[in-house]
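Biologist: I am new to this structure, so please take me through it step by step. Let us look at it together first.

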Amino acid sequence: MKIETKLIHAGIEPDPSTGAIMTPIFQTSTYVQSAPGDHKGFEYARTQNPTRNALQNALAAIENGKFGLSFSSGMAATDAVIKLLNPGDEVIAANDMYGGTYRLFTKIFEKYGLKFHFVDMQDPNNIKRFINGNTKLIWTETPTNPMMNITDIAAVAAIGKPHSILLCVDNTFASPYLQNPLDLGADIVLHSATKYLGGHSDVVHGCLIMNDTALNEKLQFIQNSCGAVPGPQDCFLVLRGLKTLHLRMQRHCENGEKIANWLRKNNKVDRVYWNGFEDHPGYAVAKKQMRGFGGMMSFTLKDDSMDAANKVLCSTKLFSLAESLGGVESLIGHPASMTHASIPREERLKNGLVDSLIRLSVGIEDADDLIEDLDKAICNDEPKQTFLKDTQKYAVPA
Ligand SMILES: Cc1ncc(COP(=O)(O)O)c(C=O)c1O
């Protein structure tokens, strides 16, 4: 089956008791047994839930994997992968990725004796010099959040495989519609399903997809033992979101292309980071491993000041100033003070994440309306009162 068909049908069976075409929300914590151990495959809802099962099967199918596991958030899914490791183990991670992942690695797991090396993975060869006998995991995100850097998944997988190093790819930005890391040699695919998979900014959810039976069993054990499982209502929302992923992604890609090209021609805009530009350093790899370039992009202003960035951030009407991405509505964000505030300033500056960098999650509205909104915000020279007080915290305007 093609992904468009899988998104609608994979993992879904009409409910046997009623014929309901939509998977019911099994809002239960436990299941009645007719005698001890005599049950219908469901004992306790942290361990199994039929709504979650349907979603896990659908997620596995759309990433071309054998097994899917759902978690209460993307971070909970990340947490489960790192719990595969033992003290003394080492991880090679991309130096440009979601700030919360960096925070989890450095602030939570380093103190348990794990060692993380943060490496520029735009050149996969950079990974080689960090490999030693303790290296157990390579962690990458592509395209990266927010610099839109590209990692060659197949090349990284080829470097790790001879050393039996697991490769986990955070595929949140691309979604399975645009990229399937398992097909390129990854061992685990991670999604913050809060984003494109859910697609409607109404659920927080994470998932892992893999092919290896033993790896699935280990992660399932962690899922059940640690208990960061999603509720059935949230699983239902992600299942519903999946059904339109292909249509939404097509429009995200079309709108993304129009807006990136418009930004590039705007004389107030300095740099535009979008993977579809032929002169983007990762363009050739992106073209090889992705089926489109999506609706995520970042840009800086020629007036590279906080005030200029803040004026834009506070002036758009259709682009809402908010964290997150991947929903039907367009969002504008300021990585330095929002999604990436947990990364020390000097670290993020090294990767080009300057104070004035603005990130867009281009939604599926009319592209011309979105451009008009950005035009008014970027090109209006009138001073705006609402400015950031500092890079760590500020009030989101109503
Ligand atoms: C690329 C990426 N990975 C993981 C996460 C974490 O996901 P969640 O917010 O669902 O915990 C995020 C959140 O923004 C993200 O952007």
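Biologist: How far is the backbone oxygen of Met148 from a polar atom of the side chain of Asn275?

Modeller: A polar contact is a pair of N or O atoms within 3.5 Å; within protein, one must be able to donate a hydrogen and the other to accept it, and residues adjacent in sequence count only if both atoms are side-chain atoms. The side chain of Asn275 offers a polar atom to the backbone oxygen of Met148, and their separation is 2.6 Å.

Biologist: Before we go on, what kind of model is this?

Modeller: Residues are numbered from 1 along each chain as its sequence is written, and side-chain values use heavy atoms, without hydrogens or water. Local features need pLDDT of at least 70 and side-chain atom pairs count only at pLDDT 80 or more, while totals for chains, interfaces and linings use all residues, since the model is predicted.

Biologist: Where along the chain is Asn275, and is it buried or exposed?

Modeller: Helices (H or I, at least four residues) and strands (E, at least two) are DSSP runs, numbered from the N terminus. Asn275 sits in the loop between strand 8 (269-273) and helix 10. Buried means under 20% relative accessible area, exposed over 50%, and partly exposed in between, with a 1.4 Å probe and protein chains only. At a relative accessible area of 0%, Asn275 is buried.

Biologist: Which backbone nitrogen does the side chain of Asn211 reach?

Modeller: Asn211 lies in the loop between strand 7 (206-210) and helix 7 (213-226), and its relative accessibility of 30% makes it partly exposed. Beyond neighbours within four places in sequence, its contacts (heavy atoms within 4.5 Å) include Asn64, Gly65 and Phe67. At 3.0 Å, the side chain of Asn211 reaches the backbone nitrogen of Lys66.

Biologist: What is the relative accessible area of Ser70?

Modeller: Ser70 belongs to strand 1 (residues 67-71). Apart from residues up to four places away in sequence, Ser70 touches several others, among them Arg52, Leu55, His205 and Pro230. Ser70 is buried, at 0%.

Biologist: Within what arc do the buried residues of helix 5 fall?

Modeller: Helix 5 (residues 153-160) has Ile153, Val156, Ala157, Ile159 and Gly160 buried. Viewed down the helix axis, with directions taken from the axis to the C-beta atoms, these buried residues line one face, because they fall within an arc of 160 degrees.

Biologist: Which elements do those buried residues of helix 5 pack against?

Modeller: At the start of helix 5, a side-chain oxygen of Asp152 comes to within 3.3 Å of the backbone nitrogen of Ala154. The buried residues of helix 5 pack against strand 4 (135-141), strand 5 (166-170) and helix 10 (283-289).

Biologist: Now the ligand: how much of its exposed area does the protein bury?

Modeller: The side chain of Asp170 has an N or O atom 2.6 Å from a ligand nitrogen. Oxygen atoms of the ligand are 2.8 Å from such an atom of Ser192 and 2.6 Å from one of Lys195. Taken alone the ligand exposes 390 Å² (Shrake-Rupley method, 1.4 Å probe), and the share that the protein buries is 91%.

Biologist: And where is Met338?

Modeller: Met338 is buried, at a relative accessible area of 12%. Its C-alpha atom is 27 Å from that of Lys83, 255 residues apart along the chain. Met338 sits in the loop between strand 11 (331-333) and helix 12 (345-350).
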